[in-house]
Amino acid sequence: MKFSTRMDRIKPSAIRDVQKKISAKPDVISFAAGLPDPALFPLDDYKKAADDMIDEKGASAFQYGLTKGYGPMLDKLVGRLSTKEKIDCSKENLCMTTGATQGLALIANMFLDEGDVVLTESPSYLGAINACRPYGVDYIGVATDDDGMDVDELERILSQNDKVKMVYVIPNFQNPTGKAWSLERRKAFMNVIAKHDVVVVEDNPYGELRFKGDFVPTLKSMDTQDKIIYLGSFSKIMAPGLRIAFLCGEPKIASLAEEIKETWDLQCNEYVQVFAVKYMDEFDLEAHVDKIKALYLKKCDLMLAEMDKYFPSNVRIIRPEGGMFIWFELPEGLDSTELLQGALDAGVAYIPGESFYPSNVKKNGVRLNFTLVSEEQIEKGIKILGEYLATVC
Ligand SMILES: Cc1ncc(COP(=O)(O)O)c(C=O)c1O
């Protein structure tokens, strides 16, 4: 068989390797996941909404629908984007996607050619890096501090490198670092971007999970030049298995996405979209998101308090105001991949930071997830991890 050259570029997720190591040790407390807490899925409400939806809509919920998405679902998105994210758009700007993951793949397919350069924060989301890889692109990780992407470095790279075609960013509670960009940094970023011919992908799956601090507007809401393609997802506010997500961009982008999607999977799951609309009509999604935030705040605060108690003082901890992850950095020179086996032997798992760097890999970062573990596991696991780190730091 003669596979395409793209297959040579496909790389299995490094996280999968870690998960394999962890599953060989079923008793470890794992902070390695990136999953929401399933105890928060409102199953009774979902059951009632699904039953009512079938009674009301009957066979039409199981029929083919539009590639762009189910009309009433798109109407809901227009309303939520306007009230929650201050993004002004209409149905013309939207295309439903099977997870934001498909949004990333659609955008990569739409824009990228061999030799193009993609800029990301450093570190950044592995799924996005891997989605662009088959197209033979190069990556440059732009330095990122606690306020967001370094805009001076961004400006320098954009001025010197005409191969840059795309900038991919996660300004809210980033995966893996949990950081959120300040308002000033967002404005400065938009000023730099305005001067260059690049497309920006703003990936915002965690934006609604702000459990501390003040709301900061999305880049898309500041976008007067239609440079930003915004990706939204219901994975973290309803359930990831539903695969409800969407992209929002200028009408040309939304309709190109529709055309590509037609050849990939024709449409998103019709049943799921009709169900989601019924759920939002019958129940209060915003109240449900408040419940998620309250529990995640409690777990995050507990984890930070335990880290303060047990971690060596030369470990730098990033304190998130939302999302699902806490990032910490070991003293320079330590390698969190090398240290993982020792942590597993002690009884805890994490994701080593090196897999999140598209270039200029740094090895001392660690990602911890606080949403899937119980409070008891947080207390026990962080103590174990802290005691282990004290022996190596
Ligand atoms: C930054 C980021 N983007 C996208 C995704 C994927 O989201 P979805 O479930 O909508 O495909 C994730 C999932 O963890 C993520 O962290």
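Which helices each supply at least two residues of the lining of the largest pocket? In this predicted model, they are α2 (14–23), α5 (99–111) and α6 (126–132). The volume of this largest pocket is about 700 Å³. Its lining comprises 32 residues, and those closest to the pocket centre are Thr-101, Tyr-125, Gly-127, Asn-175 and Lys-236.

The aromatic residues offer a second way into the structure. The rings form 11 aromatic pairs in total. One of them joins Trp-181 and Phe-189, whose ring centres are 5.1 Å apart and whose planes meet at 70°, an edge-to-face arrangement. The angle decides this label, because planes over 60 degrees apart count as edge-to-face. Both partners are shielded from the surface: Trp-181 is buried, with a relative accessible area of 2%, and Phe-189 is buried, with a value of 0%.

A pair with another geometry is that of Tyr-279 and Phe-283, which is stacked because the ring planes lie at 25° and the centres 5.6 Å apart. The two residues of this pair fall into separate classes of accessibility. Tyr-279 is buried, at 1% relative accessibility, whereas Phe-283 is partly exposed, at 21%. The boundary matters for Phe-283, because buried means under 20% relative accessible area. Tyr-279 and Phe-283 also belong to one aromatic cluster together with Tyr-46 and Phe-275.

An aromatic ring may also be approached by a charged side chain. Here Lys-86 lies over the face of Phe-215, at 6.0 Å from the ring centre.

The last site to consider is centred on Thr-371, a residue in the loop between β14 (365–369) and α13 (375–392). Is Thr-371 buried or exposed? With a relative accessibility of 0%, Thr-371 counts as buried. Its side chain nevertheless has polar partners. A polar atom of the Thr-371 side chain lies 2.6 Å from the backbone oxygen of Leu-35, and the Thr-371 side chain also makes a polar contact of 2.9 Å with the side chain of Asn-369.

Which residues beyond its neighbours within four places in sequence are in contact with Thr-371? They are Leu-35, Pro-36, Asp-37, Tyr-296, Lys-299, Gly-323 and Met-324. Leu-35 thus appears twice in the surroundings of Thr-371, through its backbone oxygen and in this list of contacts.

Terms used:
Residues numbered from 1 in each chain as written. Predicted model: local features only at pLDDT ≥ 70, side-chain atom pairs only at ≥ 80, totals over all residues. Heavy atoms only, no water. Phe/Tyr/Trp six-rings, centres within 6.5 Å; stacked < 30°, edge-to-face > 60°. Buried < 20%, exposed > 50% of the residue type's maximum accessible area, 1.4 Å probe, protein only. Lys NZ or Arg CZ within 6 Å of the ring centre and 35° of its normal. Helix = DSSP H or I, 4+ residues; strand = E, 2+ residues; numbered from the N terminus. Polar contact = N/O pair within 3.5 Å; in protein donor to acceptor, adjacent residues only side chain to side chain. Contact = heavy atoms within 4.5 Å. 1 Å grid on protein atoms, 1.4 Å probe; cavity = no way out; pocket = protein on both sides within 12 Å on 5 of 7 lines; lining within 4 Å. Points joined across faces, edges and corners; volume = space filled by probe spheres on them.
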